[in-house]
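Student: Could you take me through one part of this model in detail? I would like to see how the helices at the start of the chain pack against each other.

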Amino acid sequence: MSAPPRGMPPARLDVAALAAGVREGSRAAIARAITLVESSRPDHRVLASELLAELAPHTGGSVRVGITGVPGAGKSTFINALGVRLIARGSRVGVVAVDPSSRRTGGSILGDRTRMGELTQSEQAFVRPSPSGRQLGGVARATRESMLILEAGGFDVLIVETVGVGQNEIAVSEMVDTFVLLTLAGAGDQLQGIKRGILELADVIAVNKADGDGESRARVAARDLMGAMRLLLPGKDVRRPPVLTCSALTGAGLDEVWEAVLEHRSHLRMGGSLAARRAQQQQDWMWAMVDAHLEDAVRETPSVRERRASLEADVREGRLTAVEGADRIVRWYAQDLQRPG
Ligand code: GDP
């Protein structure tokens, strides 16, 4: 698909009708709206922006939770089990995934469909895999905007799943109220497996697979982690994330993890920092969008598009330094901007 020629009006889509469909909770409308916000086509971006403006007054009411953990930590199993519980208590649960690396399999999509089987089949849930084949910036934008659509569509719990590989976590912690780290016992030294930065982002830590033989190991790991958190966040008045154990498989401890999420949220609310956190997130997002817009514009400008491959090769093979390459790209972009038309 390519953008329509410059100056042509984009194919018209009835934004007001789509917004109304989303607000009524129509699954078809929600799916369509998410597909729209995932698109990077310039005409789609215009429509997405209109749609989000229409929906904005109806957003902000959900419990927004991020869940991270290395592959195999049990995230999908956990989200499925937790989601089913929350639905049984009357919630509607939206799940979106941030996995820019999902290119490798064409998406964690297939995996998620099966691993979150019960949840995907529930009318009260909406599971949206990460758009595949994108840069983190694009995925992060699509995820945020998808969250707003789900929120306007009446999903009162939003779960953002991310694979624990570093950068993604920072992006996700910037879109949620509470960030849960799902971890495992036994994989060698606890702290080697978990990046310190991720521990610092976590609001709640849960050691998963606390069942059968794994139960006592999970408890030991939780105790070790608690000790580590005391070192990482010393002081009397510091709020350290609770470290719990759970089993996504048996359901043991899941209610406690959810209570810890709600407790963290009410802690934020009482101090007024939930609003502050979200306000800061809006401001950061604005600048992130500026970065993303500029980067898209730079990559798409004709001089850069035409010369990009050879420039990249020059940098890869050492004929040009990265700094020189960047200077050239910015110069070509600036020249294209000056050109009439
Ligand atoms: P993800 O990659 O983090 O999404 O992990 P998955 O949810 O796919 O789980 C990875 C594997 O661990 C699967 O085989 C699950 O059945 C298993 N698993 C997940 N949670 C638990 C648990 O609480 N206990 C046990 N014993 N196995 C679990």
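Tutor: Happy to! Let's begin with the pair formed by helix 1 and helix 3, which are oblique to each other. Keep in mind that this is a predicted model. Helix 1 covers residues 15-23 and helix 3 covers residues 42-55; their axes come within 9 Å and cross at roughly 50 degrees. That angle is neither under 35 degrees nor in the range from 65 to 115, and therefore the pair counts as oblique. The crossing of helix 1 over helix 3 is right-handed. On the helix 1 side, the residues making this contact are Val15, Ala16, Leu18, Ala19, Val22 and Arg23, while helix 3 brings Leu47, Glu50, Leu51, Glu54 and Leu55. Sorted by class, that gives 8 nonpolar and 3 charged residues, with no polar ones. The charged residues are Arg23 from helix 1 and Glu50 and Glu54 from helix 3.

Now turn to the other partner of helix 1. Helix 2 spans residues 27-38, and its axis comes within 8 Å of that of helix 1, with a crossing angle of roughly 125 degrees. An angle over 145 would count as roughly antiparallel, so at this value helix 1 and helix 2 are oblique as well. Here the crossing is left-handed, whereas helix 1 passes helix 3 in a right-handed one. In this contact, Leu18, Gly21 and Val22 of helix 1 meet Ala29, Ile30, Arg32, Ala33 and Leu36 of helix 2. By class there are 6 nonpolar residues, 1 polar and 1 charged. The polar one is Gly21 and the charged one is Arg32.

Two residues of helix 1 are worth finding on your screen: Leu18 and Val22. Both are listed in the contact with helix 3, and both appear again in the contact with helix 2. Gly21, in turn, is among the helix 1 residues that meet helix 2, and Ala19 is among those that touch helix 3.

To place this corner in its setting, the protein has 15 helices and 7 strands. Of its 341 residues, 48% count as buried. Among contacts with a separation of 6 or more, 76% are between residues 24 or more positions apart. The protein exposes about 17200 Å², and carbon and sulfur atoms supply 55% of that area.

How values were computed
Residues are numbered from 1 along each chain as its sequence is written. This is a predicted model: local features need pLDDT of at least 70, side-chain atom pairs count only at pLDDT 80 or more; totals for chains, interfaces and linings use all residues. Side-chain values use heavy atoms; hydrogens and water are left out. Helices (H or I, at least four residues) and strands (E, at least two) are DSSP runs, numbered from the N terminus. Buried means under 20% relative accessible area, exposed over 50%, partly exposed in between (1.4 Å probe, protein chains only). Contact means heavy atoms within 4.5 Å. Accessible areas come from the Shrake-Rupley method with a 1.4 Å probe; for residues, only the protein chains shown count as cover. Axes are lines fitted to C-alpha atoms, for helices over the stretch in contact, and angles run from 0 to 180 degrees between N-to-C directions. A crossing is left-handed if the near helix is turned anticlockwise from the far one by less than a right angle, and right-handed if clockwise.
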